[in-house]
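Before you use this model for any calculation, here are some points that I would want to check with the coordinates open. They go from the whole chain down to single elements.

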Amino acid sequence: MKALPQFEAKWQKAWEKARIFEADRDEKRKKFFVTFPYSYANGPLHVGHAFTAARVDAFARFKRMQGFNVLFPWAWHWTGQTIAGASERIKAGDPDFIKALREIDRVPATELHKFIDPEYMAQYYTRENRTTVNAAGFSIDWRREFNTTTPAFSQFVEWQYRELHSKGYVTKGTHPVVWCPHCRSPTGDHDRQEGEGVSPEEYVLMKFRYNDHYLPAATFRPETIFGVTNIWMNPDAEYVEAEVDGEKWVLSKAAADKLSEQKHDIEVTSSFQGSKLIGKEATTPLTDKNVPILPARFVDAHSASGIVYSVPAHAPFDWLALKDLQKDTESQTKYGIPKNVLEKIQPISIIRTEGFDEYPAAEAIAQVGAKDQCDPKAEKATKLVYKKEFHKGVLKENCGKYAGKTVQEIKSILIKDLVDTNDAETMYDLPEPVVCRCLNPCIVKVLEEQWFLKYSDEAWKNKAKEALSNAAVYPESATQWFLATIDWLQDWPCARRSGLGTPLPWDMEWIIETLSDSTIYMAFYTINKHIKEQKISSERLTVDVFNWIFYNKGDRDEIAETSGISKAVLREMQDEFTYWYPVDMRNSAKELIPNHLTFFLFHHAALFPRIHWPKIIGANGMLMKEKKKMSKSKGNFVTFRSALEQYGADATRCALLLSAEGMDDPDWSNDGARDAMSKLESFYNLSQTISEGKFTEETSGQLEAWLVSVLQHRINRVTDSLEKLKTRTALENAFFAIWNDFRWYMRRKGRSQNRVQKEALGIWTRLLAPFAPHLCEEVWRNLGNDGFISLADWPKSDTGKVDPVAEEGETLVKSILEDSLSIIQATKTKPKEIYLYGAVDWKWDVFLEGLRLSLTIEEPSQKDLMKQLIQLMERQKGEITKGAVRFTSNVINEIIRIPKDRREWLLRVGKVDECVILEKAKRFLERELASKISIRNEGEADVYDPKNRAKFAKPHRPGIYHE
């Protein structure tokens, strides 16, 4: 398939020369503005980027062919710690990272040493990735390109944040943040090497008393304190005695370090192994009960305080750990734990939950089959119990004054009471590891005097929900994820101390972080063409200029005079913005729903009127490679460039788009890409045969009517699927479904060709053009068309060309062929002659009347239809045989199972003269089945039917006898 990639370079040059993707304001045409989240310039684009971008480009091309004035711009994300962190790794001589850059990114050795400058690194990857985007054939208007450190864009970001600040959406406060101790800065999602989406979680530290110290045991469920039986510590972990805000505490060393960053005064006085306290006793808060301290290796000293308390009735891990310890005589001896101490421990049931008996933990363990505390199934059992108890649990009488309250309502009340009585404290920790781009582990820091986006503001949340309801979301199931994210989001640190980016305009020590500067940049696309063409310097892009462009606010004459930008250019920029806005479609991977895509809604709702809120938001899955998550460090990584070089643009695009839709995770496989190459080559060869063939002069018959008719359905299916961003369904229909139609047509027709076939190929090629644009341009030209298929009219279905009878006729021929082949295969005999029997007229009358009646009754039942059809047969036949009753009963059962739209279609088709249709297809069937065919109606006299098969004939299903 060496020829096809040559077409790609040819047509890319032709598109560029004709500038067909440069979109200018045109008030006479409806616009469509599509965007793809700009990628970081810290490495090459990979096939995950390609999957999302290919969806956007297919949609853009589809809309362009529908006649819309389509703008698809592109930019590059340089800000944040992402590039700076990568550059630091080069500077530090990280061998694994450098090896990946050389072998996967294919960075020349002559360039690599220059990457110690993060700006140079960004320039390099921007240049390489722009070449890749062009090689993919994406329909980009490059005149609007920028990167996020461009001075003009920084001015735009400054304007945005001044507006947010003035509206009260940016505030200074004290909040827990994910913090990099090395960078001394908050670490947002996209500034992380690992742990994207992880947020600080609040633990309650229950203050057990041990001598004159507190043992702070961490929990998410303070209500379970009433069921505590013991404390767990890791005997091998390092613990410390420390002065914490004037109190003596025992906690893990890691916990002491974390608390020191959370507004606590910490002074460590000594350290020891956890085994030192095993076998000792501590006193519970609230209930003042002495409980033993026992060993458990499932306790992670790096999680919260490194100490937990045990509630075996309601915590599967605790139940299993106690059972394990009771059997572990070696550990009992090692830590001096008397056997009677373990025997005395009995679970205490404190929560009544529908669906659980006395000890939910034991029930859940049995349900999932967990064997011990190290069994991964124990986590599943834990989630099962916690979920049910949270939603349906009620505290029992042994919970004191809290008895009768639901688990759901008690948490905040109990925490306040415990903190007020000094029986508890709170701390923050990360539920899973987070690593900064500088490769240092992150912690939670309670940060004072930090700038936050006030996503906790209820009024702002409600506006974001309005913006969401204003948009169509595809797939629709993503809507609930957006709503959950809006509800869940709290104040977000919007600035950091290190990395590239725009300084916070009123506090220049801070740099706006990498997600927070990327929320409304689509508006900048609309005007950047003018900024570049007019060579407008960044200093001239004042707050007043942006207010005029985006809000029509201020005096244009004064703004022109003070900014030095002419009144005409100011007007053009404003007109450009109001023409292109709002964003008509933005599509991204689903991992951006918990951050970027939701911020996108918040900021548009805050800064723009409803008329400029987004129209369509799409989300798709995260691409895997051979069923595994892509990773450079594991060598499981495919760059977009390497895929294009190996398989070509069209095959890569098709392989990606066929791999998934909705929020299902697509999977890149080399076999899939090779298969796409092969199929595209076959399509091209077929198109050559048709476009270069000599047409016969025969008039169009049933077969041509069938081909034209089914194409109308394909047009509708592809169009409807694309409108809803169902790109896989659209491509499956545009390629494989129509391919099967053509195969059947050619199988039936033989070698002869006609103009209907060529016209059908033209429709097929246009439907395929958004997905494989280069190949389709070549085929379009070979068919004798002028201009680009990229600008050709999108096919529109014509109901006048839908021929139900022709379609059912071919369905009949297919079914006869398939049924006969199945009989031959099952009997392993080759028939001398095949007899086909069409259904008698009264059967058709019963069938059609059954269809009609079924459509007049809301939920047709067999009894209703049987009664009316028997009456019909009495009028038609007079005497009713048992066979007729049996036939009617069978037909009714079949009709009830037929979907309503299919019943409507069959009623529209009406009675089919099966014998006439089969006679016309007789030569074809004889050729395919290598047997003589005889066709009769079962009602005819002297029908040859030695095995009495004619009586089984039904409408649309003739009887068959193989002799």
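The points below concern a predicted model, and they are ordered from overall layout to local detail.

1. The overall extent comes first: along its principal axes the C-alpha trace spans about 110 × 80 × 55 Å, and the secondary structure comprises 35 helices and 34 strands. Of the 963 residues in the protein, 56% count as buried.

2. The domain assignment gives three parts, of which domain 1 is made up of two segments, 174-200 and 432-448, while domain 2 covers 201-429 and domain 3 covers 828-962. Between the C-alpha centres of domain 1 and domain 3 the distance is 71 Å.

3. As to how the chain contacts itself, residues 24 or more positions apart supply 77% of the contacts that have a separation of 6 or more. The exposed area is about 41,400 Å², and 48% of that area is supplied by carbon and sulfur atoms.

4. On charge, the protein holds 134 positive and 138 negative charges, and the mean positions of these two sets are 5 Å apart.

5. Where does Ser305 sit? Its place is the loop between strand E15 (290-295) and strand E16 (307-310), and because its relative accessibility is 0%, Ser305 counts as buried. Leaving aside residues up to four places away in sequence, Ser305 touches Leu205, Pro216, Ala217, Ala218, Leu251, Ser252, Ala255 and Met427.

6. Strands E24, E26 and E25 form an open sheet in the order E24-E26-E25, with antiparallel pairing. Its edges are strand E24 (495-496) and strand E25 (503-504), each of which pairs on one side only. Strand E26 (residues 507-512) meets E25 in the antiparallel sense over two bridges, and Pro503 is found opposite Ile511 of E26.

7. A second open sheet of three strands runs in the order E30-E29-E31, and here the pairing is mixed. Strand E30 (628-629) and strand E31 (667-668) are the edge strands, each pairing on one side only. Two antiparallel bridges link strand E29 (residues 624-625) with E30, and Met624 stands opposite Lys629 in E30.

8. Is helix H23 (residues 649-657) largely enclosed or open? Because nine of its nine residues are buried, H23 is largely enclosed by the rest of the structure. Those buried residues are Ala649, Asp650, Ala651, Thr652, Arg653, Cys654, Ala655, Leu656 and Leu657, so a check of the burial here should keep in mind that the cut-off is under 20% relative accessible area.

9. Helix H28 (residues 773-782) is mostly covered, with eight of its ten residues buried. The buried positions of H28 are Pro773, His774, Leu775, Cys776, Glu777, Glu778, Val779 and Trp780. Just after the helix, Gly784 adopts a positive phi of about 90 degrees.

10. A last point may help when reading lists of helix positions. An α-helix has 3.6 residues a turn, so residues three or four places apart point the same way. With that in mind, the buried list of H28 includes Pro773, Cys776 and Trp780, and the buried list of H23 includes Ala649, Thr652 and Leu656.

Conventions
Residues are numbered from 1 along each chain as its sequence is written. This is a predicted model: local features need pLDDT of at least 70, side-chain atom pairs count only at pLDDT 80 or more; totals for chains, interfaces and linings use all residues. Side-chain values use heavy atoms; hydrogens and water are left out. Domain bounds come from an automatic or database domain assignment. Helices (H or I, at least four residues) and strands (E, at least two) are DSSP runs, numbered from the N terminus. Buried means under 20% relative accessible area, exposed over 50%, partly exposed in between (1.4 Å probe, protein chains only). Contact means heavy atoms within 4.5 Å. Accessible areas come from the Shrake-Rupley method with a 1.4 Å probe; for residues, only the protein chains shown count as cover. Lys and Arg count as positive and Asp and Glu as negative; His and the chain ends are not counted. The place of a charge is taken as NZ of Lys, CZ of Arg, CG of Asp or CD of Glu. Two strands pair if DSSP finds at least two bridges between them.
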